[in-house]
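Visitor: I would be grateful for a close look at a single part of this model, followed by an account of its surroundings in the chain.

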Amino acid sequence: MEQRVLGRTGRRVGVVGLGAWQLGADWGEVPEQEALATLAAAADAGMTFIDTADVYGDGTSERLVGRFLKSRPGHGITVATKMGRRMPQEPGNYTLANFRAWTDRSRANLGVDVLDLVQLHCPPTAVYSSGEVFDALDTLVAEQRIAAYGVSVETRAEALTAIARPGVASVQIILNMLRLGPLAEVLPAAREAGVGVIARVPLASGLLSGRYDENTTFAANDHRTFNRHGEAFDVGETFSGVEFSTGLAAVRRLAPLVPDGATMAQFALRWIIDQPGVSVVIPGARNPEQARSNAAAADLAPLAERHLEAVREVYEELLAPQVADRW
């Protein structure tokens with residue numbers, strides 16, 4: 001698999017990684033052995049980057065990743081975790097004392113002495129402008145609790161504020177064929193600053209898999225049921241903030257563009273890989289087959305200009321009115 005440098009971490013990672021939210025919570029039930037098999041399939045397919053968070057199943061995802069890593073000595077995998085969502089979302093909670101406690105818990109969950117990359121997990125907007133917060137993160141690096149830090153953001157403005165910070169190694173942002181907002185400013189700014197870009201929600205919560213229609217239903221404990229209108233967290237995390245029927249219409253417009261021999265999901269992932277400045281894209285997977293299929297997107301040839309133009313046209317016509325001004 002093609003390798004790219006993950007920003008200021010200096011680490012090389014495969015262009016397709018694994019998002020491990022599904023293995024912890026909020027996507028319906030994933031049995032433990034299935035989760036471990038999914039991690040194994042991802043690694044065997046060439047994925048060398050795993051993204052998790054302390055809040056995914058209140059540590060379940062981290063612990064599963066830790067168990068897997070222990071079974072693979074010399075694995076060469078970079079693990080990014082996130083912190084900050086296990087407490088009320090108030091800027092005053094983003095303190096050095098809390099950071100030490102949160103990272104110590106993640107270190108124990110993952111079974112490591114030093115965390116490869118820790119990201120602030122979509123904190124309140126005011127946090128990005130706090131010098132004290134970033135001083136505290138620098139202290140964690142100095143104390144060798146973490147090797148590097150980054151941010152996971154909701155908005156383009158938050159991303160640009162973070163990129164300007166000299167210690168920020170990476171920015172994680174929603175980027176997919178239904179959410180083109182980061183292309184104009186965020187990706188160029190990150191590239192100029194040497195900051196890595198981790199593209200999350202690449203399949204728009206599965207919409208871009210092409211498997212859903214108006215009759216599709218999801219489990220009660222799946223965020224695609226309980227967060228459709230932002231009831232639990234930012235609505236942009238569910239279907240990328242796109243109204244479900246509009247997303248279906250967009251996917252139907254895009255489906256004829258899928259290259260021969262590829263799936264709709266692989267086409268969507270390849271589109272992200274082709275965007276200048278993207279370090280790694282992190283689709284989730286609930287089973288080994290999905291992990292292997294996602295990894296295969298890296299083997300597709302770069303998309304033609306006509307594909308890129310068609311994606312832009314669909315976005316401008318159907319999606320920009322819903323999402324362009326919000327994220």
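**The second largest pocket and its setting**

Guide: In this predicted model, the second largest pocket has a volume of about 150 Å³. Its lining is formed by Arg-228, His-229, Val-235, Thr-238, Phe-239, Gly-241, Val-242, Glu-243 and Phe-244. Sorted by class, the residues that line the second largest pocket comprise four nonpolar, three polar and two charged ones. The nonpolar members are Val-235, Phe-239, Val-242 and Phe-244. The charged members are Arg-228 and Glu-243, while His-229, Thr-238 and Gly-241 count as polar.

A loop between strand 9 (196-200) and helix 7 (223-226) also merits attention, and Val-201 is placed in it. Most residues other than glycine have a negative phi. Val-201, although not a glycine, has a positive phi of about 50°. Because its relative accessible area is 13%, under the 20% limit, Val-201 counts as buried. Ser-205 lies in the loop between strand 9 and helix 7 as well. The phi of Ser-205 is likewise positive, near 60°, in a residue other than glycine. With a relative accessible area of 4%, Ser-205 is buried.

Another loop, between helix 3 (96-110) and strand 6 (117-121), contains Val-112. Here the relative accessibility is 29%, so Val-112 counts as partly exposed, a class that lies between the limits of 20% and 50%. Between the C-alpha atoms of Val-112 and Ala-42 there is a separation of 20 Å, the two residues being 70 apart along the chain.

These parts belong to a chain that has 11 helices and 10 strands. Along its principal axes, the C-alpha trace spans about 50 × 40 × 40 Å. For 327 residues, a compact globule would have a radius of gyration near 20 Å, and the 18 Å of the chain agrees with this. Of the 327 residues, 57% count as buried. Among contacts between residues at least 6 apart in sequence, 77% join residues at least 24 apart. As for the surface, the chain exposes about 12900 Å², of which carbon and sulfur atoms supply 49%.

Technical notes. Residues numbered from 1 in each chain as written. Predicted model: local features only at pLDDT ≥ 70, side-chain atom pairs only at ≥ 80, totals over all residues. Heavy atoms only, no water. 1 Å grid on protein atoms, 1.4 Å probe; cavity = no way out; pocket = protein on both sides within 12 Å on 5 of 7 lines; lining within 4 Å. Points joined across faces, edges and corners; volume = space filled by probe spheres on them. Helix = DSSP H or I, 4+ residues; strand = E, 2+ residues; numbered from the N terminus. Rg over C-alpha atoms; globule rule 2.2 N^0.38 Å. Buried < 20%, exposed > 50% of the residue type's maximum accessible area, 1.4 Å probe, protein only. Contact = heavy atoms within 4.5 Å. Areas by Shrake-Rupley, 256 points an atom, 1.4 Å probe, with all protein chains shown as cover.
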